Amino acid sequence: MSFLASVGVTNVDLMYVGMPRVPQEGEEIFSQDFRVLLGGGAPGTAVNAARLGIPTRLATYLGSDLFSGFARAQFEQNGVSPYNLAAEGETGIPVNVTSAMLTPGDRTFATYCKPTAITDELLERVYTMSKGAKLVQMQEGFLPVYRKLHKEGAILIFDMGWDDELSFEKYGDYLRLADYYTPNTKEALKITGRDTPEEALRVLAEYFEHPLVKLDKDGCLILEDGRPRLLRNIPEFTCKDSTGAGDAFLAGLMYGLYHGYPFADCVRFGNITGGKSVTGVGCLTEYVQESELLALREKYKDL
């Protein structure tokens, strides 16, 4: 059975919604609502992909603490098969825990993160979990694994967040190996050294057959027949919280790649899943089922 494989630390978000302001030291302020949600990153993409019917495996760290228990239940409920990287008997909390306070004007975060070391043993365990995957979401630090999987025919997708040192010099080994790279505008301009998304797209075309640049609320820019083409976002979606939009976009894109759709349709799927995700608070609150995804793709096929 073909499947999607990914690896990443799990994030659990404690969200204080409707805070009048962020409390100062010594103060206690009450929120209007409170939610416990899975956060973004590779696990967020895995959940979104599994919701669309893609068999999905995730290598991550889970312990015996209540946050890990919550995450494990969420993975299983959404069809993700978690592969635990935590050592047997390991103590502490191996997941990232973020307290997010949402005020009328902005968001404030406090995060606990337990450092993890990438060892040869860990690389072998991630390779064993990923072997046979049709699609692989790449993460920094696992390059030896991706080299093996690439030789075995896996489709590799590289998606990463902002880095002040983002450059081809630093990430060249990943970019040369990847089949697809999914930067937003800020990332694309930084890594290419260009001033516009169109210019950045042409630089990326030197590395990728199907380059793209995500334009946030405006959609996604691709290169088609040698010319930039804008695929616009779905107009019926209204943004409430953009957290996790990139993870959701990636899941939609991979749905198209998994099923062999033309690249423009793969990006349309990404626009749909990313657009739907921002209509609710949190990374994974709002999403589309496969039937809705296909219906929206047909409805907006000329967008």
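Q: Why is E236 called partly exposed in this predicted model?
A: Its relative accessibility is 41%. Buried means under 20% and exposed means over 50%, so E236 lands in between and counts as partly exposed.

Q: And what makes K299 exposed?
A: K299 has a relative accessible area of 57%. The cut-off for exposed is over 50%, so K299 gets that label.

Q: How do you know that K299 and E236 form a salt bridge?
A: Check the N to O distance: their side chains meet at 3.3 Å. A Lys nitrogen has to be within 4 Å of an Asp or Glu carboxyl oxygen, so the pair qualifies.

Q: What makes K299 and E236 a link between distant parts of the chain?
A: K299 sits in helix α10 (residues 290-299), while E236 is in the loop between β13 (227-231) and α8, and the two are 63 residues apart.

Q: What makes D173 and R147 a salt bridge?
A: Their side chains come together at 3.9 Å, N to O. The limit is within 4 Å, so this pair is counted too. D173 belongs to helix α5 (residues 168-177) and R147 to helix α4 (residues 143-151), so the bridge ties together parts 26 residues apart in sequence.

Q: Are D173 and R147 buried, partly exposed or exposed, and why?
A: D173 has 40% relative accessibility, and R147 has a relative accessible area of 40%. Partly exposed is what falls between under 20% and over 50%, so that is the label for D173 and for R147.

Q: Which residues are linked in a network of salt bridges with R147?
A: D173 and R176. As for the whole structure, it holds 16 salt bridges.

Q: Why are R268 and D265 said to be separated by about one helical turn?
A: Both lie in helix α9 (residues 263-277), 3 residues apart, which means a separation of about one turn. They form a salt bridge, with the closest N and O atoms 2.9 Å apart. R268 and D265 are also both buried.

Q: Why is S130 called buried?
A: Its relative accessibility is 3%, and buried means under 20%, so S130 makes the cut. S130 is in helix α3 (residues 120-130). Beyond its neighbours within four places in sequence, it is in contact with F3, A5 and L149.

Q: What makes L223 buried?
A: L223 has a relative accessible area of 19%. The cut-off is under 20%, so L223 counts as buried. It's part of strand β12 (residues 220-224) and touches L201, R202, A205, P211 and P228, not counting residues up to four places away in sequence.

Q: Why is F34 called partly exposed?
A: At 41% relative accessibility, F34 is neither under 20% nor over 50%, so partly exposed it is. You'll find F34 in strand β3 (residues 33-38). Together with Y16 and V36, F34 makes a nonpolar surface patch of about 240 Å².

Q: How do you know that β9 and β10 pair?
A: 2 bridges join β9 (residues 155-158) to β10, with the strands running parallel. Pairing needs at least two bridges, so they pass. In this stretch F158 stands opposite Y181.

Q: What makes β5 and β10 edge strands?
A: Each pairs on one side only. The open sheet has 6 strands, ordered β5-β4-β1-β8-β9-β10, with parallel pairing. Helix α8 (residues 245-259) lies across β1, β8, β9 and β10, at about 150° to β8.

Key
Residues are numbered from 1 along each chain as its sequence is written. This is a predicted model: local features need pLDDT of at least 70, side-chain atom pairs count only at pLDDT 80 or more; totals for chains, interfaces and linings use all residues. Side-chain values use heavy atoms; hydrogens and water are left out. Helices (H or I, at least four residues) and strands (E, at least two) are DSSP runs, numbered from the N terminus. Contact means heavy atoms within 4.5 Å. Axes are lines fitted to C-alpha atoms, for helices over the stretch in contact, and angles run from 0 to 180 degrees between N-to-C directions. Patches are made of residues with over 30% relative accessible area and no salt bridge: like charges are joined within 9 Å, nonpolar side chains (Val, Leu, Ile, Met, Phe, Trp, Tyr) within 5 Å. Accessible areas come from the Shrake-Rupley method with a 1.4 Å probe; for residues, only the protein chains shown count as cover. Buried means under 20% relative accessible area, exposed over 50%, partly exposed in between (1.4 Å probe, protein chains only).
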